[in-house]
Amino acid sequence: NALEWSADVQARDISFAGWRQLLPEYLPNLNAGGGAFQLSATGRGTNLARADLDFAAQAVETRLDADSVAHFDQISGLIALTHTPDRWTLSGRKVLALQGGRRDPVSQFEVTWRGVDAGLLELRARASYLRADSLLPLAGLAPQRDIRNRLLEIASTGEWSDAYLELSRAAVGDPWSMRVQAKFRDVGFAPIGRAPGFRGLTGTIDGNQSGGHVQLDSQTVLIAWPGQWLQPVVLDTLKGTFYWSRTADRLLIATPALDIRNPDAVAQAQVALELPANGDSPLLTLVGRIDDGNVADARFYLPRGVIGPHTLAWLDSAFVAGHMAHAQVILHGPLSQFPFRDGSGLFLARVWLDSMILNYAENWPLVEDMAGRAEFRNEGLTVHLAGATSAGLRIASGDARFADFMTGELEAGALGSVD
């Protein structure tokens with residue numbers, strides 16, 4: 001018979017930075033802070049049956065991802081973890097967080113999950129109020145390595161209230177049954193794989209495995225997309241309602257009106273994303289317009305993963321200044337084939353520009369007071385110049401063309417005169 005055991009541990013004046021060095025696998029994101037805890041645990045043999053943690057911490061700093069950290073003046077609470085042969089349950093009571101002098105409501109939550117060696121079968125979570133980043137310092141203590149690593153990788157932040165989530169399936173490989181409902185504020189997660197990360201999302205979610213909606217009404221949203229963008233981008237406004245509908249063949253996510261604003265541009269769009277159940281490439285349809293754009297910052301929005309290095313180097317330094325009065329954008333096709341060199345889709349963007357300053361090439365004079373129209377069509381770019389000046393030369397008209405962004409070959413011609 002396995003030995004039944006119990007343990008009680010108390011500690012005061014501990015340094016989290018020191019514990020991170022001692023237990024790097026469990027506390028990799030805990031940068032700084034200190035506090036005290038009391039831990040009681042019982043079990044049988046190598047199996048944990050129950051653990052209760054009473055903790056209080058001060059001056060906590062937790063790394064969220066490569067670009068951001070979370071700071072807390074205080075975090076405290078009572079956490080309980082119970083384990084039966086096939087189920088884990090994590091609950092929290094009287095969880096309090098003080099951040100920047102602001103004290104959160106008292107948090108109470110419960111998460112229970114069940115699985116087999118091959119994967120998760122059931123998860124249920126409920127919270128009256130929960131600040132996700134206040135629990136991030138404890139994520140490394142999750143008993144199952146795959147769950148622990150996923151929690152640390154996602155680095156979830158933000159506030160959830162009136163939240164309920166249920167996921168279940170009869171066997172690994174079966175489709176999920178789902179029910180979700182919640183209000184959220186300043187929610188975020190880190191970039192994972194090729195997907196971007198977001199911080200600062202605010203709105204509501206309500207739905208099930210067949211359909212539902214997410215309503216976003218967010219200010220000051222940070223988007224990090226290391227695989228495509230030069231640096232994180234901040235949006236002053238991200239507003240829209242996204243609907244999802246799932247059938248046996250596909251998952252469809254769409255919004256009839258998406259509103260995006262920041263100092264670089266104002267954009268509105270209609271978007272539909274179709275995810276086939278057979279694993280084929282996602283199909284994206286987008287129709288939108290962009291107004292009052294800052295051309296000098298265009299390099300921060302370039303999809304760097306699909307543009308050749310020579311073209312990218314030129315685009316990064318070419319646009320010194322300028323104003324994009326208006327742009328019309330249409331995109332339709334399988335994302336795996338973007339920019340659709342094989343004709344399987346269409347990417348078309350017509351852009352009207354003025355007050356441009358162009359750095360055409362090293363040791364060339366700047367081209368100033370440019371006005372004209374540019375057209376992106378799949379892998380190519382054509383520019384029609386309506387006027388400009390350069391080193392005393394008045395340029396009446398001109399044309400430039402990238403046949404393919406990947407090759408970086410630029411063809412240009414102009415008609416000009418000297419006053």
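Buried, on this tour, means under 20% relative accessible area, with exposed over 50% and partly exposed in between. Keep that in mind as you click around, and remember that this is a predicted model.

**Stop 1: helix H4**

Select residues 309-318, which make up helix H4. Colour Thr-311, Leu-312, Trp-314, Leu-315 and Ala-318, the buried residues of this helix. Now turn the view until you look down the axis of H4: the buried residues fall within an arc of 165 degrees, so they line one face of the helix. The general rule behind such a pattern is that an α-helix has 3.6 residues a turn, so residues three or four places apart point the same way. Swing round to the face of H4 turned away from its buried side, and you find the exposed residues Pro-309 and His-310 there.

**Stop 2: the whole protein**

Zoom out and show the cartoon. You are looking at four helices and 22 strands. The C-alpha trace spans about 95 × 50 × 35 Å along its principal axes. How much of the protein is buried? Of its 419 residues, 37% count as buried. Switch on the surface and you have about 22,600 Å² of exposed area, 56% of it supplied by carbon and sulfur atoms. As for contacts with a separation of 6 or more, residues 24 or more positions apart account for 50% of them.

**Stop 3: an aromatic cluster**

Back to side chains. The structure holds nine aromatic pairs. For one of them, select Phe-189 and Phe-198: the ring centres are 5.9 Å apart and the planes sit at 55 degrees, so the pair is tilted. Phe-189 is partly exposed, at 31% relative accessibility.

Next, pick Trp-229 and Tyr-301. This pair is edge-to-face, with 6.0 Å centre to centre and 70 degrees between the planes. Which parts of the chain does it tie together? Trp-229 lies in the loop between strand E12 (211-224) and strand E13 (233-246), while Tyr-301 lies in the loop between strand E16 (283-294) and H4, so the pair ties together parts that are 72 residues apart in sequence. Its two members differ in cover: Trp-229 counts as buried at 16% relative accessibility, whereas Tyr-301 counts as partly exposed at 30%. Add Trp-225 to your selection, and you have one aromatic cluster of Trp-225, Trp-229 and Tyr-301.

**Stop 4: salt bridges**

A search of the whole structure finds 22 salt bridges. Select Arg-87 and Glu-122 for one of them, where the closest N and O atoms are 2.9 Å apart. Arg-87 lies in strand E5 (residues 87-99) and Glu-122 in strand E8 (residues 119-131), so this pair ties together parts that are 35 residues apart in sequence. Is Glu-122 buried or exposed? Glu-122 is buried, with a relative accessible area of 8%, while Arg-87 is partly exposed at 24%. Extend the selection to Arg-114, Arg-124 and Glu-166, which are linked with Arg-87 and Glu-122 in a network of salt bridges.

Two more salt bridges to click on:

- Arg-261 and Asp-259, with the closest N and O atoms 3.1 Å apart. Asp-259 is buried, with a relative accessible area of 17%, and Arg-261 is partly exposed at 36%.
- Asp-186 and Arg-185, with the closest N and O atoms 4.0 Å apart. Here Asp-186 is partly exposed at 38%, and Arg-185 is partly exposed at 44%.

**Stop 5: Val-116**

Now go to strand E7 (residues 107-116), where you find Val-116. Val-116 is partly exposed, with a relative accessible area of 46%. What does it touch? Leaving out residues up to four places away in sequence, Val-116 touches Leu-121 and Val-172. Try a distance label as well: the C-alpha atoms of Val-116 and Ala-171 are separated by 9.0 Å, with their places 55 residues apart along the chain.

**Stop 6: a nonpolar patch**

Last, put the surface back on and select Val-287, Ile-330 and Leu-346. They form a nonpolar patch with about 210 Å² of accessible area together. Ile-330 has its place in strand E17 (residues 319-334) and is partly exposed, with a relative accessible area of 37%.

Conventions: Residues numbered from 1 in each chain as written. Predicted model: local features only at pLDDT ≥ 70, side-chain atom pairs only at ≥ 80, totals over all residues. Heavy atoms only, no water. Buried < 20%, exposed > 50% of the residue type's maximum accessible area, 1.4 Å probe, protein only. Helix = DSSP H or I, 4+ residues; strand = E, 2+ residues; numbered from the N terminus. Arc of directions from axis to C-beta. Patch = residues over 30% accessible without salt bridge, like charges linked within 9 Å, V, L, I, M, F, W, Y side chains within 5 Å. Areas by Shrake-Rupley, 256 points an atom, 1.4 Å probe, with all protein chains shown as cover. Salt bridge = Lys/Arg side-chain N within 4 Å of Asp/Glu carboxyl O. Phe/Tyr/Trp six-rings, centres within 6.5 Å; stacked < 30°, edge-to-face > 60°. Contact = heavy atoms within 4.5 Å.
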